[in-house]
Amino acid sequence: MKPSAYYRGKEQTYVKHFFLEQYLETVAFHIGYTHKEFVYVDCFSGPWRADDEELADTSIRIALDRLNYVRDGLAKQGRAPNIRAVFVEKSPTAFAALEHALVQHRHFITTVAFPGTFEENIPRILDAVGAAFAFYFIDPKGWTGFDMDDIRPILLHQPGEVMVNFMYDFINRFLNFPSPANEASLDRCFGTTRWREIRDDPDREAASVGLYMEQLRRTGQFTYVTSTRILKPLHDRAYFHLIYATRNPKGIIKFRDVEKRVVAAQDHVRNDAQRDNREQRSGQTELHFGEPLTPSDTVQAARSAKLKKAAAKIDELLRPGPLPYEVLQPLILELPLVWNTDLNKILVDKQKQGLIIIDGLGPRERTPKQGCTIRRTTNTLYPSDTEDLR
Ligand SMILES: C[S@@+](CC[C@H](N)C(=O)[O-])C[C@H]1O[C@@H](n2cnc3c(N)ncnc32)[C@H](O)[C@@H]1O
């Protein structure tokens, strides 16, 4: 993909593309190594607002480059899975550019492009996917065109997983817009009328993302659903959330690994965007001391809140009885900004405090791992227990 400087003024798109590139590579390598087929489906493919003639700043080119790279890498390891990419685009002009890009770009994966809307193409998409593992990327412009009931067959496809760009900033502006047509379209997007209840929620953002995730989990019968928050370049507010649903615990672990890299990249581009903005307003060039080595205050504050939640969730999950580490791990890593090193540190700290026991560690081992069992010590009062007693 193009370097971050190329995305000036649309830094949130850089972060989205960085995430897509990193996650797609990870999942395609993993599935390509273990399965015979892998299909990537770009359900709202564009090209859209591309500044590069060769479309290097679009999800189309990013996917073609990455999948081709994965194919070559797997070939070196003696694997030759059938890797395919399916693209869907409604606008005739954009579709013509998409078709042109697929012909021009030198790649060795099988591609197919469907004109028209994502929803009307669902039977054709499912046909093209067949029995393969599919990763669906749903990247709309707003909240229409992917009604929960309509995309049910896509969500239910197995083996498969989905990443949805939940346009929170946009949706939020319409949650209180009193129009029957607007309300009906939000009913269809969420697949429930319950979004009305979140309008007065003090944390409306968490409530709406949470409701959408719950609906996705239920409709697609997913085991794990998580999200990552993409911020506005110049303000400490969400632009959108990338919501990810899978049935595979490894998917959650990989998604969080990618998030860790993306958070650093996001800090970097936002830092630059904010400096440019200050310079433009003041007319003064600022001294540039290189990239900060620590996460921004925004990230640190968000992470410490999530880490507290992780500690409480561990207590709650262990309350009914011991759990294997590999069961606990994806359930904790469903929390945004909680990374595997965090989980292990929380567990080790809790063990030091005498709150839990990690069974299955070798004599010199400190870090929990697959095969370990985690249990609470008896006669210990936990913060969450105290809340229950009140
Ligand atoms: C946000 S842009 C996609 C950007 C692209 N995924 C990327 O990251 O480079 C959304 C695209 O979906 C197209 N579109 C809008 N409604 C659609 C629908 N119902 N079905 C399929 N495509 C649609 C638009 O024309 C636009 O090109």
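Where is L337 found? L337 sits in the loop between helix 11 (325-333) and helix 12 (340-352). More on that residue below, after a look at the whole model.

## Ground rules

What you have here is a predicted model, so a pLDDT of at least 70 is needed for local features and 80 or more for side-chain atom pairs to count, while totals for chains, interfaces and linings use all residues. Numbering starts from 1 along each chain, following the sequence as written.

## The overall picture

The protein has 13 helices and 10 strands. Both come from DSSP runs numbered from the N terminus: H or I over at least four residues for a helix, E over at least two for a strand. The C-alpha trace spans about 70 × 55 × 50 Å along its principal axes. For 390 residues, a compact globule would have a radius of gyration near 21 Å, and the protein, at 22 Å, agrees with that. (The radius is taken over C-alpha atoms, and the globule rule is 2.2 Å times the number of residues to the power 0.38.)

Of the 390 residues, 37% count as buried. Buried means 20 or more other C-beta atoms within 10 Å of the residue's own, exposed means 12 or fewer, and partly exposed is in between, with C-beta atoms placed from the backbone. Among contacts with a separation of 6 or more, 69% come from residues 24 or more positions apart. A contact here is two C-beta atoms, placed from the backbone, within 7 Å.

## The seven-stranded sheet

One open sheet has 7 strands in the order 3-2-1-4-5-7-6, with mixed pairing. Strand 3 (110-115) and strand 6 (224-231) are at its edges, each with a single partner strand, so one side of each has no neighbour in the sheet. Neighbouring strands are turned by 15° against each other on average, direction ignored. Two strands pair if DSSP finds at least two bridges between them. Strand 5 and strand 7 (residues 238-246) run antiparallel and are joined by 5 bridges. In strand 7, Y244 is the residue opposite M163.

Two helices pack over this part. Helix 8 (residues 204-220) lies across strand 5, strand 6 and strand 7, at about 25° to strand 7. Helix 9 (residues 249-282) packs on the sheet and touches strand 5, strand 6 and strand 7, its direction making about 5° with that of strand 6. Angles run from 0 to 180 degrees between N-to-C directions, and axes are lines fitted to C-alpha atoms, for helices over the stretch in contact.

## The three-stranded sheet

The other open sheet has 3 strands in the order 8-10-9, paired antiparallel. Its edge strands are strand 8 (323-324) and strand 9 (356-359), each pairing on one side only. Strand 8 and strand 10 (residues 373-376) share 2 bridges in the antiparallel sense, and L323 has I374 in strand 10 as its bridge partner.

Helix 10 lies across strand 8, strand 9 and strand 10, at about 90° to strand 10. Helix 12 lies across strand 9 and strand 10, at about 115° to strand 9. D297 belongs to helix 10 (residues 297-318). D297 is exposed, because it has 9 other C-beta atoms within 10 Å. From D297 to D267 is 30 residues in sequence and 9.8 Å in space, C-alpha to C-alpha.

## Backbone oddities

Now for the unusual torsions. A cis peptide bond links G46 and P47, with omega about 15°; P47 is in the loop between strand 1 (37-42) and helix 2 (59-76). Another cis bond joins Q158 and P159, with omega about 0°, and P159 is in the loop between helix 5 (152-156) and strand 5 (160-166).

Then the positive phi values. L55, not a glycine, has a phi of about 60°, and is found in the loop between strand 1 and helix 2. L55 counts as buried because it has 22 C-beta neighbours inside 10 Å. Back to L337: its phi is near 65°, again positive in a residue other than glycine. L337 also counts as buried, with 22 C-beta neighbours inside 10 Å.

## Around the ligand

The ligand is surrounded by 17 residues, the closest being F44, W48, S59, K90 and G145. A residue is near the molecule if its C-beta atom, placed from the backbone, lies within 6 Å of it. The shell divides into 6 nonpolar, 7 polar and 4 charged residues. In that count Ala, Val, Leu, Ile, Met, Phe, Trp, Tyr, Cys and Pro are nonpolar, Asp, Glu, Lys and Arg are charged, and the others, Gly among them, are polar.
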